[in-house]
Every structure is written in structure tokens, then in C-alpha cells.
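Got the viewer open and a hand on the selection tool? Let's take a walk through this one together, one stop at a time.

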Amino acid sequence: TAPNYVYDLKFGLSLLSENYLCFAAVIMDRYQEQPHLLDSHLEWMLNMLLKLIRDEKSPPLLVHLGFKFLYIISKVRGYKTFMQLFPHEVADMQPVLDLLCRQDPKDTETWETRYMLLLWLSMTCLIPFDLSRLDGHLNSEPGLNREPIMDLVSAPKLDVKQKRLGDFLDWTLTTISQASDLTMEGTVTLDGALQSLAQLFKHGKREDFLQYAPTVLQCLDQKKIAESSLAMLRKLGVKVVQRLGLTFLKPRLAKWRYQRGSRSLAVNLAQSTAAGKVLDAKPELESGSREEDYDIPEEVENVIEQLLGGLKDKETIVRWSAAKGIGRVTGRLPKELADEVVGSVLDCFSFQETDNAWHGGCLALAELGRRGLLLPSRLSDVVPVILKALTYDEKRGACSLGSNVRDAACYVCWAFARAYDPSELKPYVNQIASALVITAIFDRNVTCRKAASAAFQENVGRQGTFPHGIDILTAADYFAVGNLNNCYLTISVYIAGFEEYTKPMIDHLVSRKINHWDGVIRDLATKALHNLTPQAPDYMAKTVVPQLLSMATGMDLHGRHGAILACAEITHALYKVGAEIPVISKAEVLIELLFNHCVWICSLQEAAVSALAALCEEYYQLQPGVADTHMQEQLVSQYLAALRSPEVLTRCGCALALGSLPRFMIHSKLQQVVAHVHTHTYIDKSFAEARRDAATAMARVCVTAGVCAQGSPDSAVCEKNVTAVYEALLDCMNDYITDSRGDVGAWVRAAAMTGLLDLTLQVAGSAPELLCQRMMCCLAQQAAEKIDRYRAHAGSVFLQLLHSTQPVVPHIPHREELLSIFPPAESLNWNAASQAFPHVSQLLRLPVYQYHTLLGLAVSVGGLTETTVRYSSHSLFEHLKGIQQDSAALLQFGDTLLRIFRDNLHNDRVSVPFLKMLDQILANSCFELFVSQENHQDLFHPFCVELLSLCKEEIKKSKDIQKLRSCVAVYCGLILFQGDVRKKILVQLMMLLCHPFPVIRKATASQVYEMLLTYDDVIDAAVLDDVMTVLSDTNCDLTTVRSHRNQLCDWLGVPRPTVLAKVIQ
């Protein structure tokens, strides 16, 4: 049918159009960089497309497609060039306007058509005829007088200006007043209205628009465009305001402006060789003709105020437009008023202003200088400001602001090079040259480095007075400064060879770069100082190093870091060049430096500690082995006092510092140091790192002091203090504190084990009679525990002491048996549970090691890690299997178990895994010998009686579900013991059947159910089914459970538990 055919035709045409458009866009986009290559083809492409568009038989879709092609060409070549090719004869006016009127302004698919028609119409409006004469539709309908459409098209024409300019401005101002920038429609409306005003006041004659300017300015003031959140509207507002300002002022060229005569590069270069000969023609500012006096309208002050406000806007496009407006308006002001504008611009460089104001101020100064409106008399005020702007950098969070300010300052220097005679800038040449060189090689931002290089090149060419300009440009050209490492480490060394730049470069690195927020810049700056040291060794040694020392003790973290690195690099460089390295007269400064970094920066602690020892060796010995008592007292007291700091890093740093002191510094102070450090090794829930470092420090101090059995406790480890030292380290091995990070006490245990190794080897070599035998037992316990890393560390220390030959460690209990278990030639992987536990479990045969080894195994067997539990329990049961028929060994093992349980009552770290281990031991019938002895002698075996008592005490008032469930399992395992003990166990189980926690009631019922199935002699077979039925019903409330429990007590032949009444006193 016809409708379907039309639909299919439209669909096919639209589909083809999209494909052709994409194809054309790809082809045309290749010419984006060099669009002028299209110029020879523009005319035939335009004519071909216009022929298609003018054809009345062309369907609307085809017309729109033609305009889309025209838009693609216009976009690539530029509309200003392309629109000039449109036909603009009188005959074209009416068809173009008719076609434009037929377009739907709300159709978003055909905006390219309306865009190109407006461009075409703007060309046809330029015909030199009264447009009203060309209107062919004055009376298109009978009896209706229509308003001529042509009068509304173009304001610049004389006829339209006379009739419609006022009405158009009224409509524009009304639109601006009523539109809102909070909606998309209002934003578009404001954008178009402001652009039209800007173009009108830009291209229109001043005489025609002067009468409307105050009204327009008043409307813009009331609308407060500057407060809009949209940057484009604020930019257009500034643009309109500056055009209004130019309308208020007469168009004249200020005669007072500075004019540089010759702009030839050849002339300027010739100037540098012709001494004292000035070739530039510069008019005399004072002797020029006097300006014509005229009144400045009051509105100009408002305009300048708004433009100065625009310099501080947060968007660059607004600031740039305001800067150009400042330059244009100032060029029409008298000299005195223009100087006030310059002063207002300089106010933008206050320390209270933001980086936006600094950037806008730089742009404005560049515009004023480029236009000759910044007189040489103002250079003394402007140059210092620009030098500050070249190094402007404001820290904000993890980054900084100011790269745009530095880039704009480079633009100012570039503009000054073109604007001023060399003689005017001569007093500031060295300052500007040094600042530009510093920015070109040391700025973090590559854009700023390249901008500074370009500005330096412009000054070398235009001014011809920059020191060594050509040589520097050869090394630091626009492309060479692109590599940051090359700038800092290579180019800087070459430029520093010219003495005019050496000290400014060094001073900049010290003041601005070694305290930079970026660690890479700090590192490069210190390396650059190292490379620059040969250029000025005396200046580095006498001036720079003292500055760095004061910075190293400041509050700024980045500054301290950079100062320390710089001190090291400069000192190394001074040493390499053979220069005299300055002796630090006030060593307290360096001590404070090391102290601060010992306590605050973890990554520098070890380095600072080692440096402290070297410093003491160098400066605090009156003679070899004799300390400066004043500095000794000051240093030791400072560190001991800081051990009480509430900051954990402070405690850590001071403890490590005490441990690093050389022997002469702790002579006569050993007892005091050991006592204070020992105080801070006490087990506490906080300061785990401090306790770790205190244990390390105690061992280091004792090793440094040496061992002498009959010596003084203030000077050496002797029989009077060795016990306290060993006890302190062994106490640290019982540190099992945990927090959100886990077992942090393991850090302390590891440090204590390392300290024990160092101290024991020292004592064994000097006074073996002072050794402590208990340390081997404690190491055996650590070697049997669950954490692989620390088990391996303990095993390594244990074997080093056992196998040590230089010196041999005497008095080790059961040395021969230990050597048979751990042969010297055998390699043992302590991290692997499968290798460690079979060897460790053999220590259970040795009475001295049995308690500590079993204590460590209890934690491993009752742990959570599957591999550790499997291999540790297997090794334990292998040992128990070997002593099943040895009643003495089994009794000793049982006594050790009870002692461990007794010593660790209510210690959940041990008691919970211990109960799990007991459950496994009882489940494997490892105490079957005790049961047979009890039945044979018809007596209670003391093991089960005491174990039952300890279990009752452990779970008394406990709410730990894991502990309660483990204890239930142990009770069910103890049921194998008969007699009154069994009845007591059953009473405990019956009580747990009515526990307040449902999960415990359910677990107890389940365990008792399994226990009755396992041991058939516990209850009479006649009631067994009833008992099982009751135990299976666990969903009852507590009252019902009690009645069932009492029934079970009757069946089991045990007394019913009774609830004790609370006694009220």
C-alpha cells in the first residue's frame, strides 16, 4: 500500500543517511589539523549540496541530509571561512528566510539545518538595500496587515537599526531578567541573549549604543550574572561588561602608553654587541602631547570593579576574558586612573588571596604589559610579584595548586620581553633570568617547565641581555626540559656552571624543593644538591648545611625527611671533592634530629639508631672508652624519660636508641637503663610494639655492656643482675596479648627469644656459671605452639644454643638426649608441622621439658588449623601409645596434665584448647590403665577425681559456649571411670541439661545420648529406650526440661539437682 511504501522509503533513506554521514565525517576529520587543504574543493562541494537543497522536488529528509553534510564541512574548515562562500544575492534572501521559518525550533534532529540556514542568512543580510523593500509578504492574507519579517533579521543595517534596535534591546533585557539559570531552557536563553549583546556592543557604533549602555549595565547588575554557577554565563557576563565599558569610553589610543620602537630581533641582538648604543626608538613619555581632558562616566568604575572581580573567578575562561577586558578598558583611561587600575591588579597578589586571584592577576599584568599600559615606573612593584608567582605552590590535601599561576607568570615574562626596551629591564635581568631558569628545570609540572623555557628563549632573543642565554637555551630548550630526571640531574649541573645561576638554584632547592609534598621531587632535589656541591663547596658547607640542620628538627614531616637526605647527599659530595666537612659545634641539634626520627618515622628508625651509635663514637668520647659525662647524662635521661610517652612510636624509638648506645655511654648507667626498660616490658594490653622494642633493647644493652661475674651491676652483667635480666626476658616469652591485629604478643616473644640467644652466647663465653637453665624449657614450649613462624623461630634458637661450639653452652638439661633427638647434621623445617611435631613430642620423655612441651602441645592440639591439629595430635598419641603399659610414666604424664590445668584455670587461651585435647585423649582411651587399676583396687583414682574438680571450677559461672561444650565432652569421656566418680559426673551432666543456654542443653543431650550408646553399663537396659526418647526431645522450654531431667536422674540413680535460694542479708 502507499502508506507502507512511504514509511519504507523514509526508513531506508534515514538508514542510508546515517551511513553516509559517518563515512563523510571520517573522511573530513582527517583534515582537522590542516583544514586549509580543503579550500580548493569547498566551492564545488557547496554548490553540489545547495543544488540538492534548492530543488523543490527534494524530500525534507534529503534536504536535512544536505545541511548535515554542510555542517560537517563547516565544522572542519571553520564557519567564518566557509560562510563567505554562500551565495548572497538579493534573490537568495526570501527563499532562505522562508526555509528557516518552516523549521521546528524544538526538533533536536534537524539542528544542523537551522544552524547552516542562520549562517547563510547572516551573509544575505549584508546586501546594501533596505530590507523592507524585499519583503514579498506584506499582505499575504486579505484584510491582514502583517509586520514585515525582514525588519527583525539584522540589527547592524541602518534601516533595521533605526526602527528595531531599541525594541530588540528591550526584548533582550526582558528575556535576561525573566530567564533562570537553574533550568536548561533558561540557561540556553541567557546564553543566546548575552552573546547577542556582546556582539552588538562589539560591532556596533559607539554613538548608536551609548544611550542604551547604562540601562544594559543596570540590568546585568540586577541579574547578578557573576554569581551564576555556570562558567559560560559568567564568561559572557564579563564579556558584555567589558564591551559596555568600551562603549562608555571614547575610542582613543592612550598617548601616555609605553611604546617600544623597534621590534626586530636582529636589532636587539646587535644591541648586545654595541655597548652603550641604543637603537630602539622610544618616545618620551613626559614630553608627549598632553591628553585631551574629558569626563569619565561613573559607570566605568562599576565596569572596572566587575572586571577585577572576574580576575578572581574559579574558572580560567572567565579570568582570561576579564584580563583582556582590563587591558582594553585601561587603554582608554587617563594615565592617573590607569595607574590605579594597575594598583588594584597588584592587590590580587596578596597572601590572603587564592590561586585563582594570582592566576587572574598574572593574566591581567601580561595584557597590560603587552599593550604598553604597564609603565616602566611600575616594574619595581611588578617584578617581585612575578618572581613569587613563578614559584607559587599551595598544598591542598595530597596534591598542590599553583601550576596555572606559574604558567601565567611565564606568560608575563614572555610578554615583558616583547614590550620593553632592554634598558628598562636591565635592573631586573638577573632576577628574571634566574627565576625562569629555576622554573624551567625544577618545576614539577612539564607545562610550566616548557612555558618557562619559551619565555627564557623570548627574552634571550628580544632583550639580548640574559647572561649566557644562548648557551643555556642550547641545553634547556623546549623539548629538553620535558624529562624531569634530565632537568634535575643533568641540565641543572650544566647551568650551575655559570656563577650567576649557581646560588639561586641551590637556594631554591633548599627552600622550596627538599620540603616538597611529592617524595619524588624531594629525592631528585637532594640528588641535585649532591651534583651541585662541586660548583660551590664552601657555600654548601658554611651556609646550606646549617639551614638543613635547623629544618631537620622542625615540625614539617616532609621538610625533616628532605633535610636528612640533603645532609647526607651534600656530606657525601663534600667528601668526594675533598672539601672540608664542617664539624657540628652544637651536637645537640643532631641528637634532636636523630631523636625525632627515631620516634616518629618507622621506616627511618633503624637508620637513625645506627647513626646515633656512630655519632656517639665520634663526638662523645673524651678519650677512647671514656664518655663525656654531661652528654651521657643528658642523652640517657632524655631517652629514659621518653619511655613513658603516651605515643607508641616514641617509646619504640627511644627503646631502640638505648639499645644502640655504645659501651662507654652506658658505663655506670646499666642498672638504671635495665630497670627502666624492664618496667616497660610488663605485659599490658597496649603498646605491643613498645614492649617488643624494649625486650630487644634490654638484650642489646646487656650484650654491649659485656659480662663479668664479679663486676659492678652498673657496668656489666654480673651475678647480681643476671637473674633479673633473664627473668625479664623469660617473662616476655609469656606475652600472649591479642588485639584487633591478632596475637601481637608474638612480636614480644620473638624479640625475647632473639635477645636470649644473644645474651646466652655472651654469658656462655665469659661466665658460664651465670646461665639460666629454664630458658631451654621455655624455648621448648614456644617450639611446640601453633603459629608456624614463631614456632620456627623458637626451634631455630633452641638448636643454635644446643649445637653452639663457639662458645659451647654448658648446663643444658639432658644434652645427650637432646642431641639424639636433634642431631647436628639433620636439617629440620620447623615451619612444617609434619616435621616439627614428631621431634618436639619426643621431649615429653624428658621430665625437665615435659611440662613446658605439653603446655605448648595443648595449644596446638586444641587449635583451629587443620594441619597443626592433625600432626600435633598424632605425635602426642604416638607418645601416649608408647607409655600405655608404663604406669609410672603415665602417672607422671597425668600429673603434668593436672598441673597445667591447675596453673591455667580461667585462662581461656590455654584452658579451652586444653579441654579439647583432654577430650581427644579420653576418646582414644589413653587412660585405660588408670581405669583397670581403679577396678582392681576398688578405689577412686586420684587423676579422675581431681580432673573432675578442675573442670567444675573452670566452667563455674562461665558463659563461654565453646568452653562449656568442650567440658561436656570431657565429662562424657570421664564416664569410663566407675563408682561414685561416675555418679558425680552424671550429676554434672544432668545440671548442664538444664543450662540457661539452649545450645548447651542441646549439645549436652546429644553428647549424653552418644555416651549411653557407647557405654552400656551406665544405665539399666530396661529404661534405656525411655532415656533415649527423653534425650531426643530438646525443643521444650526450661520448665519442661527440668521435669524430664529429674526423671532421667531417677532412672540413672543419681540425686536430683536442686536450685539454691539466694540468701538476702
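What follows is a list of things to select, with a word on what you find at each stop. Keep in mind that this is a predicted model.

**Stop 1: a buried helix**

Start by selecting residues 355–370, which make up helix α16. This helix has 16 residues and reaches 23 Å from its first C-alpha to its last, close to the 22 Å expected. Is it enclosed or out in the open? Of the 16 residues of α16, 15 are buried, so the helix is largely enclosed by the rest of the structure. Now pick Gly372, which follows α16 and has a positive phi, near 75°.

**Stop 2: cysteines**

Next, select Cys348 and Cys362 and show their sulfurs. How far is the sulfur of Cys348 from the closest cysteine sulfur? The distance to the sulfur in Cys362 is 9.5 Å, which is too far for a bond; a disulfide would need the two sulfurs within 2.5 Å. Across the structure, the count of disulfides is 0. Cys348 is buried, with a relative accessible area of 2%. Jump to Cys652 and you find another buried residue, at 2% relative accessibility.

**Stop 3: a small hollow and a neighbouring helix**

Rolling a probe the size of a water molecule over the atoms shows where empty space is left. Here the count comes to 5 cavities of 30 Å³ or more. Let's visit the second largest cavity, with a volume of about 50 Å³. To see its lining, select Trp256, Lys335, Ala338, Asp339, Val342, Leu373, Leu374, Leu375 and Arg378. By class, that lining has 6 nonpolar residues, 3 charged ones and no polar ones.

Then select helix α17, residues 379–389, and pick out Val382 in it. Val382 is buried, with a relative accessible area of 0%. Add Gly343 to the selection: Val382 and Gly343 are 39 residues apart along the chain, and their C-alpha atoms are separated by 9.7 Å.

**Stop 4: rings meeting rings**

Time for some aromatics: the structure holds 21 aromatic pairs. For one of them, select Phe456 and Phe466, whose ring centres are 5.2 Å apart and whose planes sit at 65°, so the pair is edge-to-face. Phe456 is in helix α21 (residues 446–462), while Phe466 is in the loop between α21 and α22, 10 residues apart. Both Phe456 and Phe466 are buried.

Another pair to select is Phe798 with Tyr849, also edge-to-face, with 6.5 Å centre to centre and 75° between the planes. Which helices do these two come from? Phe798 lies in α38 (residues 788–803) and Tyr849 in α41 (residues 847–861), so the pair ties together parts that are 51 residues apart in sequence. Both Phe798 and Tyr849 are buried. Now add Phe822 and Trp830 to the view: ring pairs link these two with Phe798 and Tyr849 into a cluster.

**Stop 5: backbone oddities**

Stay with the loop between α38 and α39, where you can pick Pro807. The peptide bond from Gln806 to Pro807 is cis, with omega near 0°. In that loop between α38 and α39 you can also click on His811. His811 has a positive phi of about 65° although it is not a glycine, and it is partly exposed, at 47% relative accessibility.

For another case, go to Lys224, in the loop between α10 (213–223) and α11 (231–248). What is unusual about the phi of Lys224? That phi is positive, about 55°, although Lys224 is not a glycine. Lys224 is partly exposed, with a relative accessible area of 47%.

**Stop 6: a helix to colour by burial**

Select residues 629–642, helix α30, with 14 residues and a reach of 20 Å from its first C-alpha to its last. Colour Met631, Gln632, Leu635, Val636, Tyr639, Leu640 and Ala642, which are buried. An α-helix has 3.6 residues a turn, so residues three or four places apart point the same way.

**Last stop: a pocket**

Finish at the second largest pocket, with a volume of about 880 Å³. Its lining has 20 residues, and Lys957, Met991, Leu992, His995 and Pro996 lie nearest its centre. Which helix gives the most to this lining? Select α48 (980–993): this helix gives the most, with 3 residues. Helix α51 (1038–1052) also supplies at least two residues. By class, the lining divides into 10 nonpolar, 4 polar and 6 charged residues.

Technical notes
Residues are numbered from 1 along each chain as its sequence is written. This is a predicted model: local features need pLDDT of at least 70, side-chain atom pairs count only at pLDDT 80 or more; totals for chains, interfaces and linings use all residues. Side-chain values use heavy atoms; hydrogens and water are left out. Buried means under 20% relative accessible area, exposed over 50%, partly exposed in between (1.4 Å probe, protein chains only). On a 1 Å grid over the protein atoms alone, a cavity is a set of points where a 1.4 Å probe fits but cannot get out, and a pocket is an open set with protein on both sides within 12 Å along at least five of seven lines; lining residues have an atom within 4 Å of a point. Grid points are joined across faces, edges and corners, and a volume is the space filled by probe spheres set on the points. Helices (H or I, at least four residues) and strands (E, at least two) are DSSP runs, numbered from the N terminus. Ala, Val, Leu, Ile, Met, Phe, Trp, Tyr, Cys and Pro count as nonpolar, Asp, Glu, Lys and Arg as charged, and the others, Gly among them, as polar. The expected span of a helix is 1.5 Å times one less than its number of residues. Rings of Phe, Tyr and Trp (its six-membered ring) pair if their centres lie within 6.5 Å; planes under 30 degrees apart count as stacked, over 60 as edge-to-face and the rest as tilted.
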